[in-house]
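Subject: Structure handover

Hello,

Here is the structure for you to look through. My notes follow below it.

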There are 2 protein chains.
Amino acid sequence: MTPTTTAPRRQSPARRRVLDTASALFYAEGIHTVGIDRIIAEAGVAKATFYHHFPSKDDLVCAYLREQIDQLRQQVVPQGATPEEKIAFVFEGVGEITCRPGFRGCAFINAAAEYPDPGHPVRRVVADFRGWFKGLLEELLAAAGHPDPRRTAVMLMTLRDGLTVAGALDDPAEARPAVHAAVTRLIGSGD
Amino acid sequence: MTPTTTAPRRQSPARRRVLDTASALFYAEGIHTVGIDRIIAEAGVAKATFYHHFPSKDDLVCAYLREQIDQLRQQVVPQGATPEEKIAFVFEGVGEITCRPGFRGCAFINAAAEYPDPGHPVRRVVADFRGWFKGLLEELLAAAGHPDPRRTAVMLMTLRDGLTVAGALDDPAEARPAVHAAVTRLIGSGD
DNA sequence: CCCAAGGTAGACAGACCTGTCTGGTAAAGT
DNA sequence: ACTTTACCAGACAGGTCTGTCTACCTTGGG
């Protein structure tokens with residue numbers, strides 16, 4: 001059989017345009033409030049083309065969230081750094097994002113608020129993100145020789161969630177230094 | 001003029017039924033997904049009656065959230081307790097709620113996820129809640145003689161937000177003890 | 001006895017939603 | 001030259017949404 005490169009698979013520009021438009025609109029205005037008609041109009045794509053690439057709106061929502069995960073995964077942490085520095089780097093990134101102009105909170109937390117059923121495909125993508133992120137923190141803590149990586153990872157995850165919420169609903173510049181101090185203290189002291 | 005008691009103003013049973021039904025549905029399933037028709041059907045109320053008490057759906061949503069604030073406000077903290085104990089009591093309550101069966105996160109965070117415009121009346125109620133809660137924490141910290149009440153209140157708020165998110169999306173029993181430990185350490189040590 | 005207030009029941013308008021379908025165009029591979 | 005694939009344009013169906021309106025009932029106070 002022909003190799004049929006599975007990995008790159010040059011995606012169509014129409015699909016790319018739809019996904020970009022939908023991502024921006026979903027994040028900025030919410031998922032249920034943004035209709036298909038609006039997405040295809042702003043993406044400049046025919047309705048049939050849209051439904052050719054995404055069988056349903058839920059598929060589009062899942063693709064939007066999965067791409068968010070991929071983008072976060074590709075944010076490389078500095079190579080020759082200690083685990084503690086890598087954790088600090090990750091939180092530096094979170095803190096920086098929360099202060100950016102269009103910030104409206106964590107895309108996954110917001111999506112989960114609109115999909116109450118935990119078994120829904122969208123919620124499963126949300127769970128994937130949280131599992132991945134928490135696992136990453138736990139690995140880094142273990143590599144740093146932390147005595148209780150699991151428990152501390154949960155703590156760091158809580159700080160991240162709180163920081164994103166505060167960045168969306170309160171003054172972002174106020175929560176950032178407080179969380180920064182808490183993180184450095186958490187990964188510094190053993191207990 | 002007649003006294004016309006402004007404070008209690010015995011509210012009609014129909015309005016009460018609508019508000020109870022809407023509160024349960026909005027919290028459990030989200031706001032945009034629950035329609036007026038469903039609310040009045042489950043509340044056993046005519047449509048004209050509904051629109052007599054609530055001029056629009058947004059008014060109902062605001063009333064739902066404002067009542068949530070009122071209920072939280074009335075949760076009295078123990079009288080003869082130190083400020084530190086009062087803070088611990090408040091967080092004990094939050095931790096307990098996150099472990100309850102129907103828990104689906106913070107009603108205000110979820111509502112804000114569905115209303116992107118910060119100037120919207122719903123968002124203003126959300127801001128009222130956050131201002132009140134953070135102010136309460138700051139007062140208690142100041143009463144406890146904490147050196148930096150404002151900054152620590154922000155920190156505690158972040159922990160609360162993270163705890164509610166984790167309670168809704170992860171295993172509630174895992175985040176609770178971690179946050180509990182962090183809170184006791186925060187209000188214990190001065191810095 | 002009358003009448004106003006608050007309630008019920010349900011039709012209706014106008015907009016918007018997702019998803020399907022028809023029909024036509026353009027480019028690329030075989 | 002033929003066929004497949006991707007794309008555009010837009011009508012259409014069937015449902016749901018908010019909000020208005022008409023019409024009738026019931027109950028209690030003056």
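Buried area here means the accessible area (1.4 Å probe) that two parts lose on being put together, summed over both. This is a predicted model: local features need pLDDT of at least 70, side-chain atom pairs count only at pLDDT 80 or more, and totals for chains, interfaces and linings use all residues. Residues are numbered from 1 along each chain as its sequence is written, chains are lettered from A and ligands numbered from 1 in the order in which they are written, and side-chain values use heavy atoms, with hydrogens and water left out.

**The two protein chains**

Chain B and chain A bury about 3200 Å² between them. Carbon and sulfur atoms give 60% of that area. On the chain B side, A113(B), L169(B) and E174(B) supply 16% of the area buried against chain A. No other three residues supply more.

The contact (heavy atoms within 4.5 Å) takes 40 residues from chain B and 40 residues from chain A. The copies meet through the same surface, because 100% of the interface residues of chain B are also interface residues in chain A.

Next, the symmetry. Two copies of a chain are related by a rotation about an axis and a shift along it. Here a turn of 180° and a shift of 0.0 Å along the axis lay chain B on chain A, with an RMSD of 0.0 Å. That is the relation of a two-fold axis. In chain B, the C-alpha nearest the axis belongs to G162(B), 2.1 Å from it. The superposition is by least squares on the C-alpha atoms of residues with pLDDT of at least 70 in both copies.

**Pairs across the interface**

Side chains of opposite charge can pair when their charged atoms come close. A salt bridge is a side-chain nitrogen of Lys or Arg within 4 Å of a carboxyl oxygen of Asp or Glu. By that rule, 6 salt bridges cross the interface of chain B and chain A. One side-chain pair that meets in a salt bridge is E174(B) with R150(A), at 2.9 Å, N to O. E174(B) is also among the three residues that supply 16% of the area chain B buries.

There are also 8 residue pairs in polar contact across this interface, both residues at pLDDT 80 or more. A polar contact is a pair of N or O atoms within 3.5 Å; within protein, one must be able to donate a hydrogen and the other to accept it, and residues adjacent in sequence count only if both atoms are side-chain atoms.

Which helices of chain B each supply at least two residues of the side that touches chain A? They are helix 1 (13–29), helix 6 (107–114), helix 7 (121–143), helix 8 (149–169) and helix 9 (172–188). Helix 8 of chain B gives the most, with 13 residues. Helices are DSSP runs (H or I, at least four residues), numbered from the N terminus.

By class, the side of chain B that touches chain A has 21 nonpolar, 6 polar and 13 charged residues. Ala, Val, Leu, Ile, Met, Phe, Trp, Tyr, Cys and Pro count as nonpolar, Asp, Glu, Lys and Arg as charged, and the others, Gly among them, as polar.

**DNA strand D**

A residue is near a strand if one of its heavy atoms lies within 4 Å of it. Around DNA strand D there are 20 residues, of which S12(A), R17(A), H53(A), I36(B) and K47(B) come nearest. Sugar and phosphate make up 50% of the strand D atoms that come within 4 Å of the protein.

The K47(B) side chain has an N or O atom 2.6 Å from a base oxygen of DNA strand D. Backbone atoms reach phosphate oxygens of this strand too: a polar one of I36(B) at 2.6 Å, and a polar one of A46(A) at 3.2 Å. Helix 3 of chain A gives the most to the surface near DNA strand D, with 5 residues. That surface has 8 nonpolar, 7 polar and 5 charged residues.

**DNA strand C**

DNA strand C is surrounded by 18 residues, and the closest are I36(A), K47(A), K57(A), T49(B) and H53(B). Sugar and phosphate account for 54% of its atoms within 4 Å of the protein.

An N or O atom in the K47(A) side chain is 2.5 Å from a base oxygen of DNA strand C. Phosphate oxygens of DNA strand C lie 3.0 Å from a side-chain N or O atom of K57(A) and 3.3 Å from a polar side-chain atom of S12(B). Helix 3 of chain B provides the largest share of the surface near DNA strand C, 4 residues.

Best wishes
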